[in-house]
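The following paragraphs offer a guided reading of a structure. Please keep the sequence and the three-dimensional view at hand while following them.

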Amino acid sequence: MFGGHEIVAPIVLPLVAGALILLLEQARSRWVAAFSLGATLALLGLAIGLVRQADDGVVQAYLLGNWQAPWGIALALDRLAALMLLLTAAVALGALVYALGAEGGHGAAAPSGRSHFHSLFQFQLMGLNGAFLTADLFNLFVFFEVLLAASYGLLLHGATRARLSASVHYVVFNLTGSALFLIAVSLLYGVAGTLNMADLAQKLPLLAPENRRLAEAAALMLLVVFAVKAALLPLYFWLPDTYAAASAPVAALFAIMTKVGVYAIARSTTLTFGAPPLAGLATPALPVLALATLVLAAFGALAATRLRGLVAYLVVASAGTLLLAIGIGSAGTLGAGLFYLVNSTLVAAAWFLIAERIALARGGSDLLEPRALGHAPAGWAALGVAFFVAAVAVAGVPPLAGFFGKALLLQAAGQTPFAVWAVALVLGSSLAMMVALARAGSTLFWKGGVGGAGSAASVARAVPTAPSAAPQHMAIVALLAALLATTVAAGPLARYTADTAAQLLAREPYLRAVLDAQAVAPMFDVRKEMRERGEAQ
Amino acid sequence: MLLVLALGIGTLAGCGVWLLLRARTFDAVLGLTLLSYAVNLFIFAMGRVRVGAVPIVGDAKVHTLANTTDPLPQALVLTAIVISFAMTALLLAIALRARAETGSDHVDGSEARH
């Protein structure tokens, strides 16, 4: 599109936009929101272009600073990276449109305004996009820190007491994770002498036997760090509190954050640690832990007392399903997992938005208990429909694409040693989710009744409807429409994710693309000029 | 030299983890700081510790790792220091705000229920 520079554009665009928004905010410009929206729309367009570009199956490398691969930092665009970019942009657009609606309203729901919401939002997008594109482990660490730093700021918006203590937990936990990341990265550098993921993939199989254990330790430590982000069983306890405490658009954006961990695990297990002797290092542990995560998430969803808490456990369950697919790691399960990833991210984002609308319509409470509403708040029926559609999508019931994802996954897992457990627990957790959602839905929408007598007192509180709820409804409808689109286009999408899995497992094209990428002839050869000047002296 | 370095890293990391587990925000901040020191030293050590070797260009020697020390871990450490410094500042700000809002320096915002 832009002479090869389109690969770095998803990082540069939000960075520049975020910085400009800071300046616009300083000048108290009215155009902050419009500018932020424009930048996100541009990002979506860019991501669509990149998906089309990556779909020809050629991995493209981009050499930052024009240094050749193992020495400089390389970015790489393949099908997986492009898919994640598109998903990020789509979720971000939904979250942003919703936030714009909340901005016009007031009260606790207003996430933006004074406190740099839009610039933090753009910086978060920059971190996410960078993490998906980079082909360098240390660079991955840096982008993780960028997206985490932005997420700390976003999480603290309109800080309430619960939000503050959740933030402390979240920050401390992630900083500890970062320390572990650094230890693992430097261990790998110590034994292999490189941090380029493609170069590591080549060098790790050639390690001397005495260094192999160190490399294994480093690989497992990295997986632990990624599992923290992805919310795998012993490490997911930060998630429900954090996600339930964040404001709705932020939580919706965070739906993609767990997917960063999932992405990193998929990338590192197939690419960096994809060759023997490190291949299959996590295979017994990862699927087992993923299944355990599924079970606990089902219990968590059944026991949730708040809608937001329930939704947070839906996110944990989807992470469990995804890690099961990646942990088994066959071409079939990987493809099915990536298909499910698209759905589960979109539906999780939609859920956080719906949960807040429901809470607002019920006078600000998302407690799962009967509550008389007086008369139906505006758009109550539409909310019910949205709840139903999202519930069907997240539980994996036909006819929506969540069902295809799970069906594909179980079909593929059926040919592996995990078949029995995978089928039993994935279906069992789906059932538990359905029960939890049905119970929540009937409590929220049916019990307590609408139009009952003696509830006049709650009427005044129950109808807060902000004057600008339209963008919020639009955001929810758009996310659900995207879900429906993935259902209608399930065939092409499944084809794309299957190709993605094949590309991941092939490894060699990625290695060659990154390591053989040639530095381009620079427009201005600064170094040559310096050399000549040095010789003249 | 190596023994001192290893003991230093071990002590820092041990103290850091212990402080981190104490469930007070100030202790957690200190613990994370110590932990990041340990990590920075560890990155440095992973580039092989050599005494008196120049990082990139020496005088009239062949520029291989036999004559020079590896400059990359030093660059990595610089990045890690900057990031951990910024994150510590951020965490301190959040911890202070939490202390002011909740009136407790427990990481849960209130004392544990016994």
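The largest nonpolar core of this predicted model has 238 residues, and among these Ala76(A) and Leu188(A) touch the most other members. The greatest contribution to this core comes from helix H14 (residues 331-361) of chain A, which supplies 21 residues. The surroundings of Ala76(A) can be listed in full once its neighbours within four places in sequence are set aside. Ala76(A) is then in contact with Val59(A), Gln60(A) and Ala61(A), with Ala81(A), with Leu133(A) and Ala135(A), and with Tyr510(A), Ala513(A) and Val514(A).

Helix H15 of chain A, residues 380-395, may be considered next. This helix has 16 residues and spans 22 Å from its first C-alpha to its last, close to the 22 Å expected at 1.5 Å a residue. Its buried residues are Leu383(A), Ala386(A), Phe387(A), Ala390(A), Ala391(A), Ala393(A), Val394(A) and Ala395(A). In an α-helix there are 3.6 residues a turn, so residues three or four places apart point the same way. Against which helices do the buried residues of H15(A) pack? Their partners in chain A are helix H13 (307-328), H14, helix H16 (401-413), helix H17 (419-445) and helix H19 (470-488).

The backbone just after H15(A) also deserves attention. Gly396(A) takes a positive phi of about 80° there. Pro398(A) and Pro399(A) are joined by a cis peptide bond, with omega about 10°. Pro399(A) belongs to the loop between H15 and H16 of chain A.

Positive phi values are also found in residues other than glycine. In chain A, Ala231(A) has a phi near 65° and lies in the loop between helix H8 (209-230) and helix H9 (238-245). Is Ala231(A) buried or exposed? Ala231(A) counts as buried because 28 other C-beta atoms lie within 10 Å, where 20 or more are required. In chain B, Arg48(B) has a positive phi of about 70° and is found in the loop between H2 and H3. Arg48(B) has 13 C-beta neighbours inside 10 Å and therefore counts as partly exposed.

Chain B itself has 3 helices and 0 strands, so that its elements run α-α-α from the N terminus on. Of its 114 residues, 27% count as buried. Among the contacts in chain B with a separation of 6 or more, 53% are between residues 24 or more positions apart.

How do the two chains meet, and how many residues of chain B are in contact with chain A? The contact involves 27 residues of chain B and 24 residues of chain A. On the side of chain B that touches chain A, the elements that give two or more residues are helix H2 (25-46) and helix H3 (72-102) of chain B. H3(B) provides the largest share of that side, 14 residues. By class, the same side has 19 nonpolar, 5 polar and 3 charged residues.

Finally, the confidence of the prediction should be kept in view. Chain A has a mean pLDDT of 85, and 90% of its residues reach 70 or more. Among its elements, helix H4 (residues 117-133) has the highest mean pLDDT, 94, and helix H18 (residues 456-462) the lowest, 43. The pLDDT is below 50 over residues 452-467 of chain A, a stretch with 26 contacts in the model beyond near neighbours in sequence. Over residues 105-113 of chain A the pLDDT likewise stays under 50, and the model has 24 contacts for them beyond four places in sequence.

Methods. Residues numbered from 1 in each chain as written. Chains lettered and ligands numbered in written order. Predicted model: local features only at pLDDT ≥ 70, side-chain atom pairs only at ≥ 80, totals over all residues. pLDDT = per-residue confidence, 0-100. Helix = DSSP H or I, 4+ residues; strand = E, 2+ residues; numbered from the N terminus. Contact = placed C-beta atoms within 7 Å. Buried ≥ 20, exposed ≤ 12 C-beta atoms within 10 Å, placed from the backbone. Core = buried A, V, L, I, M, F, W, Y, C linked by C-beta atoms within 7 Å. Expected span 1.5 Å × (residues − 1). Nonpolar A, V, L, I, M, F, W, Y, C, P; charged D, E, K, R; others polar.
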